[in-house]
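User: Hi! I'm new to this one and would like a friendly tour. Could you show me what we have?

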Amino acid sequence: MRLSLERMLSELDDMERSAQMDTPLHFIDARAKIIVTLLFLATLLSTPLTRLSELMMYALYPILLAACGGFSFPRIFRRSLVVLPFVVFIGVFNIFYDTVPSFRVGHIVVSRGWVTFTAIILRALLSVQAVLLLMNATGCYNLCRGLQRMGCPSIFSSLLLFIYRYIYVLLQEALKMSRAVEARSFGRKSYPLKVWGQIVGQLMIRTFDRARVVGQAMAARGFDGTLPTTGRYTGHWTRRDSLFTGTWCVFFVLLRFFHPAEVRFRHLL
């Protein structure tokens, strides 16, 4: 348990450090990255499952974005695999219920169920990768400020940031309690349900108390519920932001409505 908590805290810290890098992607306005990510998700998730070739072309976005932002795409890909068990459980039934032949590879007939099953997995992985790249290239704080500058209600952006910070506080307190339990358990691995109930109760009390202290400190410094809109990467919209947004938006729209790979993929198979 302690190792899992340490790994999650390490990943959060790594995401915050990644958001402070100096790459062309990091200097793109947060609003531009939000718009592009939303359009990517909208076009990707609205593409029919039977158009597997077009879904594969959407993989260009996370690959190129990772290269532009100085991220390791294999690492982003491995982190996106966390959703794989859930997606497989959802899509595996398509294999058994949709047995209509889709195409033939030599003497092997591939049913439409296998095509849609693969498409479901691909859409899920690409969606998670896009969100991970957005978070790593922007950071939660700049992301919330970008949403606020786009007209999102300040209470929503503030709550989103507070939820993120509360998760961090919760993990820190859970790690402290896990270390304390290990130090006093003398190698014991299992505990009665009553003990687990006490641990969870104490964890909630400690995190609520820590959050209350943080809230009082913010109020003492003049926080009024609105995130400040000054700071790094929150300047004026530039030509670079327009070029980034326009290029990707045109690519996604062409890919979604003009089906450039569909006919070629069918002839290839």
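Analyst: Happy to. Keep in mind that this is a predicted model. A good place to begin is a network of salt bridges that links D29, R31 and R149.

User: Nice. How far apart are the closest N and O atoms of D29 and R31?

Analyst: They are 2.9 Å apart in the salt bridge between D29 and R31.

User: And are those two buried or exposed?

Analyst: D29 and R31 are both buried. For D29 the relative accessibility is 4%.

User: What about R149, how does that one join in?

Analyst: R149 forms a salt bridge with D29, with 3.9 Å between the closest N and O atoms. R149 sits in helix 9, while D29 is in the loop between helix 1 (2-18) and helix 2, so this pair ties together parts that lie 120 residues apart in sequence. R149 has 28% relative accessibility and so counts as partly exposed.

User: How many salt bridges are there in the whole structure?

Analyst: The search finds three. Besides the ones I described, R212 and D209 meet through their side chains, at 2.6 Å from N to O.

User: Where are R212 and D209?

Analyst: Both are in helix 11 (residues 193-220), and because they are three residues apart there, about one helical turn separates them. R212 is partly exposed, with a relative accessible area of 44%. D209 is partly exposed too, at 38% relative accessibility.

User: Back to helix 9 for a second. Why is it described as largely enclosed?

Analyst: Helix 9 covers residues 140-149, and eight of its 10 residues are buried, so the rest of the structure largely encloses it. Among the buried ones are C140, N142, L143 and R145.

User: What follows helix 9?

Analyst: G151 does, and its phi is positive, near 105°.

User: Changing topic: what's going on with K33?

Analyst: K33 is buried, yet it has no salt bridge. The nearest side chain of opposite charge belongs to D29, and that is 8.0 Å away. A salt bridge needs the nitrogen and oxygen within 4 Å, so that distance is beyond the cut-off.

User: So what does the side chain of K33 reach?

Analyst: It reaches the backbone oxygen of L25, at 3.4 Å.

User: Which residues does K33 touch?

Analyst: Leaving aside residues up to four places away in sequence, K33 touches L25, H26, I28, L134, A137, T138 and F244. K33 itself lies in helix 2, which spans residues 30-46.

User: Is there any empty space inside, and how would one look for it?

Analyst: Rolling a probe the size of a water molecule over the atoms shows where empty space is left. Here the count comes to one cavity of 30 Å³ or more. The largest cavity holds about 40 Å³ of space.

User: Which residues line the largest cavity?

Analyst: The lining is made of L25, K33, T37, Y61, L65, A130, L133, L134 and A137. You'll recognise K33 in that list, along with L25, whose backbone oxygen the K33 side chain reaches.

User: And which helices supply that lining?

Analyst: Helix 2, helix 4 (60-69) and helix 8 (112-138) supply at least two residues each. Helix 8 gives the largest share, four residues.

User: Great, so where should I look to see these topics meet?

Analyst: Try K33 again: L25, L134 and A137 are among the residues it touches, and they line the largest cavity along with K33.

Conventions. Residues numbered from 1 in each chain as written. Predicted model: local features only at pLDDT ≥ 70, side-chain atom pairs only at ≥ 80, totals over all residues. Heavy atoms only, no water. Buried < 20%, exposed > 50% of the residue type's maximum accessible area, 1.4 Å probe, protein only. Lys, Arg positive; Asp, Glu negative; His and termini not counted. Polar contact = N/O pair within 3.5 Å; in protein donor to acceptor, adjacent residues only side chain to side chain. Contact = heavy atoms within 4.5 Å. 1 Å grid on protein atoms, 1.4 Å probe; cavity = no way out; pocket = protein on both sides within 12 Å on 5 of 7 lines; lining within 4 Å. Points joined across faces, edges and corners; volume = space filled by probe spheres on them.
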